[in-house]
Amino acid sequence: MIWVLTMTVGWVLGLLLQPLSLFSSPHQYLPVHAALEFIGISVSAMVFALGWNLRDTERGSRLVWLGAVFLAVAIIDFLHVLVFEGMPGILGPGDSDRAIHLWLAGRFVVAFGLLVAAFLHPARWSGQAAAAVNGCMLVFAVVCGWTLLVPADTPRMMVPGTGLTALKVAIEYGLTALYLAVAVLLYLRGWRDRDETLAWLAAAAWVLGLAELFLTLYREVSDTFNVLGHVYEVAAFVMIYRALFVAGVRGPHAALASERALLRALIDSAPDLIAFKDVRGAYLGCNSAFARCHGRPEKEILGRTDAELARLGPWPPAGASARSQPLSAAERGEEWVVCREGGRRLLDTMNIPFRADGGSLLGEIGISRDITDRRWIEEQLAASERRLALALESASLGLWDWHVPSGWVSFDVQWAGMLGLTPDEIEPTLESWESRINPADWPIIRASLEPHLRGETPRYVCEHRLRHKDGHWVWVLASGTVIERDEEGAPLRVVGIHQDISARKSLEERLVQQATSDPLTGLANRRYFDAALGNELARVRRKVGQAAVALLDLDHFKRINDRWGHAAGDEVLKHFTRLVGERLRDSDMFARLGGEEFAILLPGVDLIGAFRTAERLRRVVADSPARGDFGEIPISVSIGVAVLRGGDTGSAEALARADQALYRAKDGGRNRTMMEQDTAEQPSSAALAQTTAQREDGKR
């Protein structure tokens, strides 16, 4: 906009000038005219060269097109200079009309080229397409020049001593209107696409329109308006070159610098050790983790090989340093290095060659991941697996062989034996396996099998269930590999094994059960109960619902152990667990916190409801003594009830309130239920206990 305003103001000021001849004769103007024209021709040639060299860029179509247009313009303008009045008669005697015809032809070509550029979709053009466009424009320029240079009866454009003809002025006004329309169109497209290149082309089109207006005013080829018209044309050509240069060179360079900064930030943020080397093994760069691990600043590493760095001081050996030839294919290996910040570390290193677009080797990229801790874990797991293998050494492996195109599958004796079958009882088809799979396991199988068949994973590994002959499910570990593919990469043959892991699965289930439940009563243990209580508190905080918790403590349980023995005490605990558990909802959680202390989580229940539930359980326990070989043992329980509050910072606060209520029940004589507190808005524990008792008596 600044350029447009400046050139427009200059045009307005230029109108104040008189059409004075700046030279005493047209021959004196000839060098100035030639100089201005050759500047414009040079800029046109630069636009062509820039467009041709940027043909392979993402937005190369527009650049190539404008380059081809200005190739034609350069040729036409060069012919215009050669036939200008006073020039050597290389193409015949100088003639102002022929010169003007060629000038107007060049201006129409520029206008047409800018108009097409406004609609041309930016894309990458091949070298053949770019050459074809340039060839067409070259042919067009030659044909146009030949047509206008051949002597013929053409309309007069200028009458010596009089000035421009009406036809010449009309054509110039038409060109001006075309340029200004193209300028507006380019500006609107540039605004829509946020494309600065189109904005500069719009400004250039506007200046070219102003130049044509100047060229409607001159009377002699050497007066002020003719000179200003040529100056404005050169300025517009420079603006077009600037637009293409920014779009094709400076803009991509700025984007490249930004991408390099982003890439640098990315590799420096990576925890892996990353380094780049050239073909002779000298470091081209590394990330912060690499420099930090090896105790050297990056500037000290750059340009040196491993051998050169080793001569400067301790430098950990690397796989690349031992190679005498440049890396030609990706290599992966493990190596121990001594990192100055962390002792000896085991690195899993991948060395990858990187190449130019033409395929020539430029160097290699090394990416190392510290796997010291992982290796230790793997070794521990391997030891555990060996121990498990010894414990399950009687487990057998079943072999299967699948011909994918036909669906034929063979199963060996061991595979059939896992399912209580003989090979003769199994048809050698894929359907025989599919029909025995637990339907719930299909998503797991597909998630592992299908990527392997497509070649995305090295092997197929999956755990799933197969139906045994007698109806129960057998857990198997399935592992397989595609050993043959066709020319298109489709799998032809897959071979694998099934291992019976039912014992391991059963062990895992028992371990989970042991980790979350009490071994004597089978109830949830303290840890599992605390986790559930925390989850329920989160729901209360989100105002999803309400919940309560009750703490239960068997009265005088120590006396039972002392009088009847610990075996009788265990039976009492089991008896108490059955009494309470049978009277709870499926959504309630009953847990043993330790010894004779128990807890119940009651989701969706307020304090009054929780109290009534607890009081009902207390009465059932009091009315149901434990019986066994030890005789009859009367039991009772004291209960404290509290609700979970949205303002609680943790589940321990609700347990603490329930615990306080429990102690009040103990201090009040045991065999009773107490709420966390009594308020004016809610009945007392005693009143609720009486009401609950009356309801229970009414039911009986």
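Which residue takes a positive phi in the hairpin of E14 and E15? Select Gly-595, which takes a positive phi near 60° in that hairpin, where two residues lie between the strands. This is a predicted model, in which local features need pLDDT of at least 70 and side-chain atom pairs count only at pLDDT 80 or more, while totals for chains, interfaces and linings use all residues. Residues are numbered from 1 along each chain as its sequence is written, and side-chain values use heavy atoms, with hydrogens and water left out.

**Around strand E15**

Keep the hairpin in view and select strand E14 (residues 589–594), which pairs with E15 in the antiparallel sense over five bridges; strands pair if DSSP finds at least two bridges between them, and they are DSSP runs of E with at least two residues, whereas helices are runs of H or I with at least four, each numbered from the N terminus. Within this pairing, Met-589 has Leu-601 of E15 as its bridge partner. Now add strand E13 (residues 547–554), which is joined to E15 by seven bridges, also in the antiparallel sense, with Leu-551 standing opposite Ala-599. Strand E15 itself (residues 597–603) is mostly covered, since six of its seven residues are buried, that is, under 20% relative accessible area with a 1.4 Å probe, counting protein chains only.

**The five-stranded sheet**

Move next to the open sheet of five strands, whose order is E9-E8-E12-E11-E10 with antiparallel pairing. Its edge strands, E9 (408–411) and E10 (460–467), each pair on one side only. For a closer look at one edge, select strand E8 (residues 397–403), which four bridges join to E9, and find His-403, whose bridge partner in E9 is Trp-408.

**The largest nonpolar core**

Finally, select Leu-114, Leu-186, Leu-201 and Leu-244, which touch the most other members of the largest nonpolar core, a set of 70 residues; such a core consists of buried Ala, Val, Leu, Ile, Met, Phe, Trp, Tyr and Cys residues joined through side-chain atoms within 4.5 Å. Among the helices that each supply at least two residues of this core are H1 (2–15), H4 (96–119) and H8 (224–269), and the largest share, 13 residues, comes from H7. Leaving aside neighbours within four places in sequence, Leu-114 is in contact with residues including Leu-66, Val-182, Ala-205 and Ile-240, where contact means heavy atoms within 4.5 Å. A second, separate core of 33 residues includes Leu-584, Val-605, Ala-626 and Val-643.

Key. Buried means under 20% relative accessible area, exposed over 50%, partly exposed in between (1.4 Å probe, protein chains only).
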